[in-house]
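Let's take a walk through this structure, one piece at a time. Have the sequence and the 3D view ready.

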Amino acid sequence: MIQIPRGTYDVLPEDAFKWQKIEAAAREICARFNYKELRTPLFESTALFQRGVGDTTDIVQKEMYSFKDRGGRELTLRPEGTASIVRAYVENKLYGDPNQPQKLYYIGPMFRYERPQAGRNRQFTQFGCEALGSADPSIDAEVISLAMTFYQTLGLKKLKLVLNSLGDPESRKAHRDALIAHFKPSIGEFCDDCQQRLEKNPLRILDCKADHNHPLMATAPSIIDYLNDASRDYFNKVKAILDEMGIDYELDPTLVRGLDYYNHTTFEIMGASQGAITTLMGGGRYNGLVSELGGPETPGIGFALSIERLLLALEVEGISLNSDPALDGFVVAIGEAAEQKTPVLLNRLRLAGLTADKDYIGRKVKGQFKQADRDKAKFVVVIGDEELEQEKAVVKNMADGSQEAVAFKDLTDYLKEKI
Ligand code: HAM
């Protein structure tokens with residue numbers, strides 16, 4: 001038997017309604033904050049992620065699903081959404097649109113070859129927002145508030161916002177030099193990846209999974225001490241707006257994030273823990289990415305979160321999203337003649353906008369009523385020989401057990417009025 005690929009899963013109908021609710025909540029929140037959907041392909045040129053996410057990141061070095069298509073093109077299933085959004089922004093010249101900043105969102109599958117565990121999948125679904133074209137600290141606070149509001153709308157309470165700043169290029173350069181000086185004398189004690197990263201991108205050493213217990217990690221120079229005045233000022237403004245909004249946060253100077261495009265504000269939201277993974281969402285500012293990908297110098301900031309980790313957090317906090325909707329009507333046929341009539345009646349109900357169904361596998365009357373129960377039908381429409389003759393149906397209200405005879409021609413109006 002052929003089985004589902006490792007790190008992926010099916011969403012069965014009994015769970016799919018949760019996904020629909022979550023996605024609807026995301027769209028509703030985006031409308032409130034005036035973010036518009038941008039849909040991009042599930043695969044892109046491999047070079048987009050090498051350049052956008054960064055050659056020295058785990059994502060690009062170890063986790064991409066890359067392949068050559070039949071035309072010999074190097075393609076990759078997208079591991080994240082930001083690079084694609086920025087590519088689309090540049091390619092469609094959205095920087096020329098008078099609507100600025102461009103406030104965009106996406107919901108869709110991402111692919112990373114990671115070691116699967118709860119909350120870490122090889123195909124997972126991200127909801128992300130990106131605001132391109134503003135370097136105003138209030139937009140940093142806005143995207144953070146959007147994510148917080150989204151989680152809170154769904155009922156999550158145990159949320160912790162963690163905040164840091166990586167500063168501007170000048171600050172990052174000073175910090176980079178300090179990191180190299182710090183690690184260089186003992187770099188032989190670190191993994192091969194870290195040895196390679198030392199000169200190329202020493203910041204990546206700080207989020208190395210293999211060496212995170214090395215004593216030099218704890219004493220590594222902190223970016224916060226290398227922020228220049230402009231970067232410190234920017235970060236203070238972001239914090240002041242969050243303070244005024246009443247959004248609590250914790251400062252964490254080790255929050256460097258695993259993607260290369262970040263500068264200035266970086267943030268994560270942690271949730272109630274179950275196992276090791278508590279990071280529900282991550283994001284930050286990426287001034288410079290648009291120009292790196294061929295567009296004009298444009299500031300940007302955004303976040304992404306996965307629905308998989310959100311579902312785990314809802315479970316840990318004991319929050320159940322209400323179950324899938326009930327049917328308005330279920331048509332029960334007694335006898336062959338009635339069976340012939342039910343498709344037409346049922347179709348009439350559906351054309352009138354009611355949700356309705358019937359039996360298709362020859363159940364006896366009792367079985368048909370059981371199926372109506374399983375479908376949580378509000379009304380059961382019963383047709384037998386006598387009803388056929390009189391062109392009437394017996395309509396049973398399943399909530400109180402009462403029943404009434406209703407003429408076929410009045411059936412949709414009757415049900416619509418009752419529902
Ligand atoms: P990221 O931190 O790599 O950032 O991923 C963001 C979120 O995606 C994580 O916090 C987590 O909820 C979810 N996630 C990541 N990997 C997995 C996985 N294997 N299984 C389940 N969930 C996962 C980014 O992707 C950036 N593009 C975020 C961003 C947008 N920064 C600026 N704009």
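One definition will come in handy: a crossing of two helices is left-handed if the near helix is turned anticlockwise from the far one by less than a right angle, and right-handed if clockwise. Keep in mind, too, that what you're looking at is a predicted model.

Start with the overall layout. The chain is divided into two domains: domain 1 takes in 13–168 plus 228–316, and domain 2 covers 329–418. Between the C-alpha centres of domain 1 and domain 2 there are 49 Å.

Now for the helix pair. Two packed helices are described by the angle between their axes and the distance between the axes. Here, the partners are helix 12 (residues 336–351) and helix 15 (residues 411–418), whose axes come within 10 Å and cross at roughly 45 degrees. Since that angle is neither under 35 degrees nor in the range of 65 to 115, helix 12 is therefore oblique to helix 15. And here's where the definition pays off: helix 12 passes helix 15 in a right-handed crossing.

Which residues do the touching? From helix 12 there are L345, R348 and L349, and they meet L411, T412 and L415 in helix 15. Sorted by character, the residues of this contact come out as 4 nonpolar, 1 polar and 1 charged.

Next, head back along the chain to a sheet. Strands of a sheet pair through backbone hydrogen bonds, either parallel or antiparallel. This one is an open sheet of 3 strands, in the order 2-4-3, and its pairing is antiparallel. At the edges sit strand 2 (43–45) and strand 3 (65–68), each pairing on one side only. On average, neighbouring strands of the sheet are turned by 35 degrees against each other, if you ignore direction.

Zoom in on one of those pairings. Strand 2 and strand 4 (residues 74–77) run antiparallel and are joined by 3 bridges. Look for F43 there: it stands opposite L77 in strand 4.

Finally, have a look at the loop between helix 4 (82–91) and strand 5 (102–111), which is where P101 has its place. The peptide bond leading from Q100 to P101 is cis, with omega near -5 degrees. K93 is also in the loop between helix 4 and strand 5. What is phi of K93 near? The value is near 50 degrees, which is positive, and K93 is a residue other than glycine.

Key:
Residues are numbered from 1 along each chain as its sequence is written. This is a predicted model: local features need pLDDT of at least 70, side-chain atom pairs count only at pLDDT 80 or more; totals for chains, interfaces and linings use all residues. Side-chain values use heavy atoms; hydrogens and water are left out. Domain bounds come from an automatic or database domain assignment. Axes are lines fitted to C-alpha atoms, for helices over the stretch in contact, and angles run from 0 to 180 degrees between N-to-C directions. Helices (H or I, at least four residues) and strands (E, at least two) are DSSP runs, numbered from the N terminus. Angles under 35 degrees count as roughly parallel, over 145 as roughly antiparallel, 65 to 115 as roughly perpendicular and the rest as oblique. Contact means heavy atoms within 4.5 Å. Ala, Val, Leu, Ile, Met, Phe, Trp, Tyr, Cys and Pro count as nonpolar, Asp, Glu, Lys and Arg as charged, and the others, Gly among them, as polar. Two strands pair if DSSP finds at least two bridges between them.
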